[in-house]
There are 2 protein chains.
Amino acid sequence: MILYSYWRSTTSYRVRVALNLKGISYETRPVNLVAHEQNAPDYVKLNPIQGVPTMVTDAGDTLIQSLALLEYLDETQPEPPLLPSDPVPRARVRGAAQTIAMEIHPINNLKVLSYLKDRLDHSQDEAVDWMRHWMTEGFTAFEAQIDSGTPFSFGETPTMADICLAGQMINARRWGLDTSPFPRLVQIDTACRALAAFRDAEPENQPDATPL
Amino acid sequence: MILYSYWRSTTSYRVRVALNLKGISYETRPVNLVAHEQNAPDYVKLNPIQGVPTMVTDAGDTLIQSLALLEYLDETQPEPPLLPSDPVPRARVRGAAQTIAMEIHPINNLKVLSYLKDRLDHSQDEAVDWMRHWMTEGFTAFEAQIDSGTPFSFGETPTMADICLAGQMINARRWGLDTSPFPRLVQIDTACRALAAFRDAEPENQPDATPL
């Protein structure tokens, strides 16, 4: 498996965690988003969204969109599962995962921040306020959907919901969001980061990580 | 089945189309987003994202997030399928659907536009430019992922990708996007709108549609 990935991309992180959880070895091909490598014509042929991640299977199939990749991995390598087996719990986990993946991440994406700063002339402080706003709203909605008193968001083992949450918590720390209003989410994130599959996927543990 | 829906919501539209395609009858409970009914405490208990759609199954399970609902419907009522059966084509359809659902819709959502206009003091013209920008980028990326020469985005029958596309085309028309650079997408949208399942789901055919 080949994964086109950027160390700080939390959508790349989601797929790195899933690959690690399932014990699938992969080769990282770094795409430097800050250097605009995602806009290079050869890369756009692989990923017309001009983003990361992009996964190339051993059979040579090129697949994009992080949540589609998680579903693909769960269908082709079912153990350990990233979703429960029954339709209602599956819908609950997907709904929570999508609360991060639809209500927070796309609005806080690098390209959206560039539009806000470069085209609409907003300051870095205004961009950070924007990011924290959507994180606070999304985390509040996420917390209301999950189980209480379990190690992970839904039960005893990590699911797609935890993978999306842990990725967003990386951004929360990076952008200085006060996470103290969300003790349950901090607790789940801590449980995730205790697992090697999550730790090995963290930005600073990637081959393209750059000292700041 | 009960569907909390707003006539103009294209995420509600996605679920209305899927229910219609699968022949599942449902009761519409309108949630007027403009009147902020999505923020009413009783509704927030059902849908902590404070949006639509929300689906309540016949067994009384409350489920949220439109793409999670499409997956649920496909798992519990498999015919006609909204996804192909093999993992790679499934990932391709999901990737295209998510190109609409992640790269366009969340960034153009009503709550994001409110932030742009009310908190960042942008004009309606600036908001419309913003919307058209993300639609143009997303449609370009969508078009690069789909089949050519088929009635629908992937093959002979509508999938999740077409459902997401047709919903976004409603917004494209509403916000005056020039769709002539996307003849393939216009053609697929026309094929969708020729089907009663799509037509019956259109905003103007909803019980809460309001004359403008």
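**Exercise 1. Register in the sheet of chain B**

In this predicted model, which residue of strand 2 of chain B stands opposite B:Tyr4?

*Solution.*
Step 1. Take the strand pair. Strand 1 (residues 2-5) and strand 2 (residues 27-30) of chain B run parallel and are joined by four bridges.
Step 2. Read the register. B:Tyr4 faces B:Arg29 across this pair.
Step 3. Trace the connection. Between strand 1 and strand 2 of chain B the chain passes through helix 1 (residues 10-21), and this β-α-β crossover is right-handed.

**Exercise 2. Order and edges in chain B**

In what order do the four strands of the open sheet in chain B stand? Why is one side of strand 2 and of strand 4 left without a neighbour?

*Solution.*
Step 1. Write down the order. It is 2-1-3-4, with mixed pairing.
Step 2. Find the edges. Strand 2 and strand 4 of chain B each have a single partner strand, so one side of each lacks a neighbour in the sheet.
Step 3. Add the twist. Neighbouring strands of this sheet are turned by 25 degrees against each other on average, direction ignored.
Step 4. Look at an antiparallel pair. Strand 3 (residues 54-56) and strand 4 of chain B pair over three bridges in the antiparallel sense. Here B:Val56 stands opposite B:Thr62 in strand 4.

**Exercise 3. Strand 1 of chain A and its partners**

To which strands is strand 1 of chain A joined by bridges, and in what sense does each pair run?

*Solution.*
Step 1. Start with the parallel partner. Four bridges link strand 1 (residues 2-5) of chain A to strand 2 (residues 27-30). A:Leu3 is set opposite A:Thr28 in strand 2.
Step 2. Turn to the antiparallel partner. Strand 1 of chain A is joined to strand 3 (residues 54-56) by three bridges. A:Ile2 faces A:Val56 in strand 3, and A:Tyr4 faces A:Thr54 in strand 3.
Step 3. Place the pairs in the sheet. The four strands of the open sheet in chain A follow the order 2-1-3-4, and the pairing is mixed. Strand 2 and strand 4 (62-64) of chain A are the edge strands, each pairing on one side only. From one strand to the next the twist averages 25 degrees.
Step 4. Assign the handedness. Strand 1, helix 1 and strand 2 of chain A make a right-handed β-α-β unit.

**Exercise 4. Backbone geometry worth checking**

Which peptide bond of chain A is cis? Which residue has a positive phi although it is not a glycine?

*Solution.*
Step 1. Check omega. The bond from A:Val52 to A:Pro53 is cis, with omega near 0 degrees. A:Pro53 lies in the loop between helix 2 (41-46) and strand 3 of chain A.
Step 2. Check chain B. B:Val52 and B:Pro53 are joined by a cis peptide bond, with omega about 0 degrees. The loop between helix 2 (41-46) and strand 3 of chain B holds B:Pro53.
Step 3. Check phi. A:His36 has a positive phi of about 65 degrees and is not a glycine. A:His36 sits in the loop between strand 2 and helix 2 of chain A.

**Exercise 5. Two domains in chain A**

Where do the bounds of the two domains of chain A lie, and which helix supplies the largest share of the side of domain 1 that touches domain 2?

*Solution.*
Step 1. Set the bounds. Domain 1 of chain A covers 2-80 and domain 2 covers 87-198. Their C-alpha centres lie 20 Å apart.
Step 2. Count the contacts. With a C-beta cut-off of within 7 Å, 12 residues of domain 1 of chain A are in contact with 15 residues of domain 2.
Step 3. Assign the elements. Helix 1 (10-21) and helix 3 (66-76) of chain A each give at least two residues to the domain 1 side. Helix 1 of chain A has the largest share, eight residues.
Step 4. Sort by class. The domain 1 side has eight nonpolar, three polar and one charged residue.

**Exercise 6. The interface and its symmetry**

How many residues of chain B are in contact with chain A, and why do the copies meet through the same surface?

*Solution.*
Step 1. Count. 32 residues of chain B are in contact with 32 residues of chain A.
Step 2. Locate. Strand 4 (62-64), helix 3 (66-76) and helix 4 (87-103) of chain B are the elements that give two or more residues to this side. Helix 4 of chain B gives the most, with 11 residues.
Step 3. Classify. The chain B side has 19 nonpolar, seven polar and six charged residues.
Step 4. Superpose. A turn of 180 degrees and a shift of 0.0 Å along the axis lay chain B on chain A with an RMSD of 0.0 Å. The two copies are thus related as by a two-fold rotation axis.
Step 5. Compare the surfaces. 100% of the interface residues of chain B are also interface residues in chain A, so the copies meet through the same surface.

Note on methods:
Residues numbered from 1 in each chain as written. Chains lettered and ligands numbered in written order. Predicted model: local features only at pLDDT ≥ 70, side-chain atom pairs only at ≥ 80, totals over all residues. Contact = placed C-beta atoms within 7 Å. Nonpolar A, V, L, I, M, F, W, Y, C, P; charged D, E, K, R; others polar. Pairing = 2+ DSSP bridges. Right-handed = clockwise from strand over helix to strand, strands pointing away. Axes fitted to C-alpha atoms, helices over the stretch in contact; angles between N-to-C directions. Least-squares fit on C-alpha atoms with pLDDT ≥ 70 in both. Domains from an automatic or database assignment.
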